[in-house]
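Biologist: I'm new to this, so could we walk through a model together? Show it to me and I'll start asking.

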Amino acid sequence: MVRFSALLAIGFAIFLAIGEAVRNWGDWQWWPFWLVDYIAATLMLTGGLFVLKRDDATVLVGAWGFTCAMFYMSFFSHIYEIQKGQLGSYGPQGSINEHTLTILIGILLLVSIIGFVMSLAGKQYR
């Protein structure tokens with residue numbers, strides 16, 4: 001289970017890094033809003049590699065936890081903005097429709113919760 005979580009984390013990290021670049025290409029948000037995604041991607045990649053090479057899930061558990069928290073806040077802040085009705089067909093910045101983006105963020109939140117639970121399930125930590 002932890003090995004699958006590590007492989008999921010590596011794929012997730014690559015998707016997140018590319019997805020963030022695609023979303024912001026040509027109209028980058030204020031730097032703290034995109035930097036946090038690259039921090040999460042770096043943690044996920046590092047955590048996945050630690051499991052595969054060192055059989056140590058400590059970094060992976062932390063990476064999934066960080067990512068869960070990040071996507072939780074992002075998902076509900078997007079829901080809040082949609083409910084306020086102050087967005088046009090595109091969000092405040094970026095090239096993806098706000099409703100589509102919110103659904104994608106919700107899916108990523110769900111995947112990060114699953115990865116977090118799986119990373120906790122099968123290893124003892126050093």
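Biologist: Which residue just after H3 takes a positive phi?

Modeller: Keep in mind that this is a predicted model. Helix H3 covers residues 58-84, so go to the spot just after that helix. The residue there has a phi of about 70 degrees, and it's Gly85.

Biologist: How far apart are the end C-alpha atoms of helix H3?

Modeller: Let's work out what to expect. H3 has 27 residues, and at 1.5 Å a residue they should span 39 Å. The model agrees with that, because the end C-alpha atoms are 40 Å apart.

Biologist: Is Ser112 buried or exposed?

Modeller: Ser112 sits in helix H4, residues 98-121. Leaving out residues up to four places away in sequence, Ser112 touches Phe12, Trp64, Thr67 and Cys68. The cut-off for buried is under 20% relative accessible area. Ser112 has 0% relative accessibility, so it counts as buried.

Biologist: What covers the buried residues of H3?

Modeller: Those buried residues include Trp64, Thr67 and Cys68. The cover over the buried residues of H3 includes H1, H2 and H4.

Biologist: And is Trp30 buried or exposed?

Modeller: Trp30 lies in the loop between helix H1 and H2. Exposed means over 50% relative accessible area. Trp30 has 56%, so it is exposed.

Biologist: Which helix gives the largest share of the nonpolar patch?

Modeller: That surface patch is formed by Trp30, Trp31, Phe33, Leu35, Ile39 and Phe66, with about 640 Å² of accessible area together. Four residues of the patch come from one helix, residues 31-54, and that's H2.

Technical notes: Residues numbered from 1 in each chain as written. Predicted model: local features only at pLDDT ≥ 70, side-chain atom pairs only at ≥ 80, totals over all residues. Heavy atoms only, no water. Patch = residues over 30% accessible without salt bridge, like charges linked within 9 Å, V, L, I, M, F, W, Y side chains within 5 Å. Areas by Shrake-Rupley, 256 points an atom, 1.4 Å probe, with all protein chains shown as cover. Salt bridge = Lys/Arg side-chain N within 4 Å of Asp/Glu carboxyl O. Helix = DSSP H or I, 4+ residues; strand = E, 2+ residues; numbered from the N terminus. Buried < 20%, exposed > 50% of the residue type's maximum accessible area, 1.4 Å probe, protein only. Contact = heavy atoms within 4.5 Å. Expected span 1.5 Å × (residues − 1).
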